[in-house]
Amino acid sequence: MSLRIAVVKGDGIGPEVIPEAQKILEHFLTDADFFEVELGLAKWEKTGSACSPDDIRELKGADAIIFGAVTTPPDPDYRSVLLQIRHELDLYANLRPIRSLRPNPDGSFVDMMIVRENTEGLYSGIEEIGTERSTTLRVVTKAGSRRIAEKACSLVLERDRNHQLVIGYKGNVLKSDLLFRDTCSEVASSFGIQTKAVFIDALCLDVLQHPNNYDVIVTTNMFGDILSDVCGYLTGGLGMLPSANIGDTHAFFEPVHGSAPDIAGKGIANPVAAVRSAAMMLEYFGMKQQACLVEESIADLINSGVCTPDLGGCESTSSFGSRLIAVVCKKEERKI
Ligand code: IPM
Ligand code: MG
């Protein structure tokens with residue numbers, strides 16, 4: 001049976017970057033069925049719901065989902081579409097590779113993986129909002145910490161760099177993080193992996209100063225959100241960072257950036273993060289070689305100055321996408 005891929009463009013720059021990612025997917029997944037699911041701000045304005053139970057059902061029926069971005073309206077009762085999907089599809093592992101495509105001044109390349117717990121922590125959704133006092137419950141469970149630690153450990157083994165697992169936490173203040181740290185350490189020792197627990201604030205600085213000391217970092221939900229944006233600094237900005245939200249039965253791929261309403265509609269958004277998210281989908285389907293080919297093609301273009309304005313180039317979103325497909329095809333011909 002052919003693969004069913006849900007395409008959610010969303011709003012903001014989502015409808016600009018996702019078609020470029022879809023082109024790559026259509027190129028490699030020639031038999032797949034692509035179907036669009038409309039979610040986001042426009043739908044919320046029309047229907048009062050940005051993502052309905054029917055939408056969730058459709059997403060659950062897909063073998064994988066590619067997602068652009070959705071703008072959060074300033075309504076206190078609005079429930080984030082992303083958080084809703086992550087919870088409903090139990091996408092507990094948010095994998096955020098931080099890989100530079102351009103060499104650093106010393107010739108090295110940054111290559112690390114942030115493994116962000118994606119269903120609990122400060123994003124539990126359990127809140128009491130008042131006018132004098134508002135609270136958000138930060139949830140850390142043994143089971144939730146264990147499954148994310150297992151994911152992180154299997155990535156340490158897969159990446160095979162003989163590195164320890166770094167645990168980003170804040171246990172000096174948040175006692176809930178001691179459960180996270182200790183569970184991660186327990187899991188890692190059962191995998192034969194060494195760990196180092198680092199306070200998240202210090203970690204944010206150290207990854208920037210010594211990125212090559214890091215391989216896999218596992219952390220709780222909001223810390224992972226912040227750390228991945230921080231690491232955008234190492235790779236040319238948020239236009240470059242992809243992510244995969246993985247559960248036991250569903251998989252959802254999205255650029256780390258948001259809807260960027262300030263540049264939406266101008267045709268200048270960098271599609272690389274979305275395209276690399278599509279490459280992560282290929283890898284998820286076991287097409288590692290094809291995923292690498294996409295990464296290499298992006299690197300070739302960027303290193304020859306073909307890029308969007310955020311990276312100092314003058315390509316539009318779609319012209320970059322078209323040039324990318326051309327490079328991918330050329331590389332494929334050479335490999336045949
Ligand atoms: C991200 C985003 C989301 C998050 C928001 C939009 C809910 O910042 O994917 O990093 O915090 O997870
Ligand atoms: Mg974020």
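1. A residue counts as buried under 20% relative accessible area, as exposed over 50%, and as partly exposed in between. Asp90 has 32% relative accessibility, so Asp90 counts as partly exposed. Asp90 lies in the loop between α4 and β4. Its phi is near 50°, a positive value in a residue other than glycine. Please keep in mind throughout that this is a predicted model.

2. Asn162 also deserves a look. Its phi is positive, at about 60°, although Asn162 is not a glycine. The residue sits in the loop between α5 and β8. Is Asn162 buried or exposed? With a relative accessible area of 79%, Asn162 is exposed, because that value is over 50%. As background, most residues other than glycine have a negative phi.

3. Now the salt bridges. The count comes to 22 salt bridges. One of them joins the side chains of Arg86 and Glu254, at 2.9 Å from N to O. This pair links distant parts of the chain. Arg86 belongs to helix α4 (residues 81–88), while Glu254 belongs to strand β12 (residues 251–255). They are 168 residues apart. Arg86 is buried, and Glu254 is buried too.

4. Asp225 and Arg96 form another salt bridge through their side chains, at 4.0 Å from N to O. Here, too, distant parts of the chain are linked. Asp225 is in helix α8 (residues 221–231) and Arg96 is in strand β4 (residues 93–99), 129 residues apart. How accessible are the partners, Asp225 and Arg96? Asp225 has a relative accessible area of 24%, so Asp225 is partly exposed. Arg96 has a relative accessible area of 3%, so Arg96 is buried.

5. A salt bridge between loops comes next. The side chains of Asp215 and Arg161 meet at 3.9 Å, N to O. Asp215 lies in the loop between α7 (200–209) and β10 (216–219), and Arg161 in the loop between α5 (142–159) and β8 (165–169). The pair therefore ties together parts that are 54 residues apart in sequence. Asp215 counts as buried because its relative accessibility is 1%. Arg161 counts as partly exposed, at 37% relative accessibility.

6. Which residues are linked with Asp215 and Arg161 in a network of salt bridges? Asp111 and Arg159 are. The network thus holds Asp111, Arg159, Arg161 and Asp215.

7. Turn to helix packing. Two packed helices are described by the angle between their axes and the distance between the axes. The axes of α3 (residues 53–60) and α4 come within 11 Å and cross at roughly 55°. Why is α3 called oblique to α4? Oblique covers angles that are not under 35 degrees, not over 145 and not within 65 to 115, so the crossing of α3 and α4 falls in that class. The crossing is right-handed. On the α3 side, Ile56, Leu59 and Lys60 make the contact. On the α4 side, Gln84, Ile85 and Glu88 do. By class, the contact of α3 with α4 has three nonpolar, one polar and two charged residues. Helix α4 is also the element that holds Arg86.

8. A second helix pair is α10 (residues 288–303) with α11 (residues 317–335). They pack at an angle of about 120°, and their axes are 9 Å apart. That angle makes α10 oblique to α11. The crossing of α10 and α11 is right-handed. Residues of α10 in the contact include Leu293, Val294, Ile298 and Leu301. Residues of α11 in the contact include Phe320, Leu324, Val327 and Val328. Charged residues take part as well, among them Glu296 and Asp300 in α10 and Arg323 and Lys331 in α11. The contact of α10 with α11 divides into nine nonpolar, one polar and six charged residues.

9. Last, Leu234. This residue is placed in the loop between α8 and β11 (242–246). Its relative accessible area is 13%, so Leu234 is buried. What does Leu234 contact, leaving aside its neighbours within four places in sequence? The list is Ile98, Ser100, Val110, Met112, Val207, Leu208 and Pro211. One of these, Ile98, falls within strand β4 (residues 93–99). As for Ala274, it is 40 residues from Leu234 along the chain. The C-alpha atoms of Leu234 and Ala274 are separated by 18 Å.

Note on methods:
Residues are numbered from 1 along each chain as its sequence is written. Chains are lettered from A and ligands numbered from 1 in the order in which they are written. This is a predicted model: local features need pLDDT of at least 70, side-chain atom pairs count only at pLDDT 80 or more; totals for chains, interfaces and linings use all residues. Side-chain values use heavy atoms; hydrogens and water are left out. Helices (H or I, at least four residues) and strands (E, at least two) are DSSP runs, numbered from the N terminus. Buried means under 20% relative accessible area, exposed over 50%, partly exposed in between (1.4 Å probe, protein chains only). Axes are lines fitted to C-alpha atoms, for helices over the stretch in contact, and angles run from 0 to 180 degrees between N-to-C directions. A crossing is left-handed if the near helix is turned anticlockwise from the far one by less than a right angle, and right-handed if clockwise. Contact means heavy atoms within 4.5 Å.
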